[in-house]
Amino acid sequence: MLFGDSPPPGLVGIAKLAAESEVLDAKRVVRYFEIDCKGLLNRTRPGMPFEWSLNPYRGCEFACRYCYARYTHEIMELRQSEDVENQIYAKSDIAAILRRELRRIDGSKGIAIGTATDPYQPAERRYGRTRAALEVFAEQRGNAISITTKSDLVKRDIPLLRQIAKRNAVSVNMTITTLDASLARLLEPRAPRPELRLRAVAALAEAEIDVGVFPNPIMPLITDQEQRLDRLARAARDRGATYFGGGVLFLMPCSRRVFFPFVAKHFPHLLRRYEERYEKEPYLKGPYRDTIRERIAVIRDRYGLKSGPALRENLEAQDPQACLFAPLPVHVVG
Ligand code: SF4
C-alpha cells in the first residue's frame with residue numbers, strides 16, 4: 001500500500017481504493033551524472049578490427065541481461081548490478097577532447113563508437129554526447145568510423161552521418177539478438193524492440209549509410225537456432241543491410257552474476273548447462289564455436305551478405321581531390 005499498513009483516515013471512494021492498492025512495481029529511477037574525462041579514445045587490443053574505441057557514456061540503461069560492460073562500472077566501485085543500468089554518466093567536453101585527440105591519431109585504422117555502452121541509449125536524447133562526437137567527425141576527413149547500437153534513435157543523426165560519409169567512411173552495426181519481441185523484452189528489457197531496430201536499418205540503407213546486423217551475443221539454446229538466425233538475416237537483407245555477423249556469448253564474472261539468475265528464472269532447464277560451460281571460463285571453447293561460425297557463414301552466403309562493413313575499401317574509394325573541395329558541413333541542428 002502507498003501509505004503503509006493502513007490508509008490515512010477520511011479517504012473515501014477511489015481515493016481509498018487507490019491508497020489501499022498494492023504496489024505492483026516501483027518506478028525505476030535512473031540518475032544521470034556528468035563525469036570529467038581526460039581522454040576519449042581508447043586504444044584497443046591488437047587483433048581487433050578497429051584500433052580505437054569511443055564511448056560517450058558510462059553505464060547503459062538498456063539493461064541487457066548478458067551485458068559484459070558491467071565491468072566498466074566495477075572500475076568505479078559501483079558493484080551492484082543495477083548501478084550500471086540506473087546510474088548513467090555522460091562524459092564532459094566531448095567535442096574539445098575529441099578534436100584534440102584526432103590530431104594525434106590515425107583514424108583510418110578504425111574508430112568504433114559504442115563498444116562498452118550504447119551510444120543511443122535514452123540519455124542521448126537529453127545530453128547529445130554521441131551527437132557532439134559525430135559533429136566533430138563531420139569536420140574531419142579520413143576516419144573509418146563504426147557505430148554499434150540497439151537503438152532506432154540513430155535515425156535522428158542520418159543527415160549528420162551523410163555529412164560525415166562525404167569525407168570519411170562510416171557504418172552502423174545494428175545489434176538484433178532475436179526477432180522475437182517477447183524474448184527480446186526478457187533479454188534486453190529497456191532496449192527498443194526488434195522491429196524498431198529493423199526500421200532503423202531500412203532508414204539508414206535508404207540514406208545510403210552502410211549498415212549491417214549482428215545477432216550478438218548468440219546465446220546457446222536461446223538464440224542460436226538455425227531457423228531464428230536465418231529469419232533474422234533475411235529480414236536484415238530485406239531492409240537493406242549489407243553485412244551480417246555474429247559471435248557466441250561470453251560471460252565475465254560480473255556478467256555471470258546477473259545472467260545465471262536470469263537463466264534460472266526464465267530458462268531453468270538450461271541452467272546446469274550454462275553453469276558447466278561458463279563457470280570456469282568466460283569464453284566457450286570447442287566445436288560449438290565452430291558450428292556457430294559455420295552456421296552464420298552459410299546463412300550469410302544464402303542472402304548475399306558480407307561479414308562486415310567495408311570501411312577501409314570505402315575510404316580508399318574516396319577521391320582525395322573531391323574531398324579537398326567538398327564543402328565543410330555546417331552545424332546540423334537535430
Ligand atoms: S546495449 Fe550493450 S552496453 Fe547496453 S546494456 Fe545492452 S549489452 Fe550492455
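Here's a quick tour of the ligand's surroundings, one buried threonine, the nonpolar cores and the aromatic pairs. Keep in mind that this is a predicted model. The ligand has ten named neighbours to get to know, including Asp118, and that aspartate also turns up beside threonine 149. Elsewhere, a nonpolar core of 78 residues and nine aromatic pairs are worth a look.

**Around the ligand**
- Three cysteines sit in the shell, Cys60, Cys64 and Cys67, along with Phe62, Ala63 and Tyr66.
- Ala116, Thr117, Asp118 and Lys150 are there too.
- Sorted by character, the shell has seven nonpolar residues, one polar and two charged.

**Threonine 149**
- You'll find threonine 149 in strand β7, which covers residues 144-149.
- Its relative accessibility is just 1%, so threonine 149 counts as buried, the cut-off being under 20%.
- The side chain of threonine 149 makes a 2.7 Å polar contact with the side chain of aspartate 118, and Asp118 is also one of the residues around the ligand.
- Skipping neighbours within four places in sequence, threonine 149 also touches Pro119, Tyr120 and Val154, plus Val172, Asn173, Met174 and Thr175.

**Nonpolar cores**
- Nonpolar side chains tend to be buried together in soluble globular proteins.
- Here the largest nonpolar core counts 78 residues, and Phe137, Leu161, Phe259 and Tyr274 have the most contacts inside it.
- A second, separate core has five residues, among them Tyr57, Ile88, Ala90 and Ala123.
- Leaving out residues up to four places away in sequence, phenylalanine 259 is in contact with Arg65, Tyr66, Met219, Ile222, Leu249, Leu251 and Tyr274; of these, Tyr66 also belongs to the ligand's surroundings.

**Aromatic pairs**
- The count of aromatic pairs comes to nine.
- One of them joins tyrosine 68 and phenylalanine 250: the pair is tilted, with 5.3 Å centre to centre and 40° between the planes.
- These two partners are 182 residues apart, so to speak across the chain: tyrosine 68 is in the loop between β4 and α2, and phenylalanine 250 is in the loop between β10 and α11.
- Both count as partly exposed, tyrosine 68 at 32% relative accessibility and phenylalanine 250 at 22%.
- Tyrosine 274 and tyrosine 278 are stacked, because their ring centres are 5.9 Å apart and their planes are at 15°, under the 30 degrees cut-off.
- Those two tyrosines share helix α12 (residues 271-278), four residues apart, or about one turn of the helix, and both are buried.
- Tyr274 and Tyr278 also join Phe259, Phe262 and Phe267 in one aromatic cluster.

Note on methods:
Residues are numbered from 1 along each chain as its sequence is written. This is a predicted model: local features need pLDDT of at least 70, side-chain atom pairs count only at pLDDT 80 or more; totals for chains, interfaces and linings use all residues. Side-chain values use heavy atoms; hydrogens and water are left out. A residue is near a molecule or strand if one of its heavy atoms lies within 4 Å of it. Ala, Val, Leu, Ile, Met, Phe, Trp, Tyr, Cys and Pro count as nonpolar, Asp, Glu, Lys and Arg as charged, and the others, Gly among them, as polar. Buried means under 20% relative accessible area, exposed over 50%, partly exposed in between (1.4 Å probe, protein chains only). A polar contact is a pair of N or O atoms within 3.5 Å; within protein, one must be able to donate a hydrogen and the other to accept it, and residues adjacent in sequence count only if both atoms are side-chain atoms. Contact means heavy atoms within 4.5 Å. A nonpolar core is a set of buried Ala, Val, Leu, Ile, Met, Phe, Trp, Tyr and Cys residues joined through side-chain atoms within 4.5 Å. Rings of Phe, Tyr and Trp (its six-membered ring) pair if their centres lie within 6.5 Å; planes under 30 degrees apart count as stacked, over 60 as edge-to-face and the rest as tilted.
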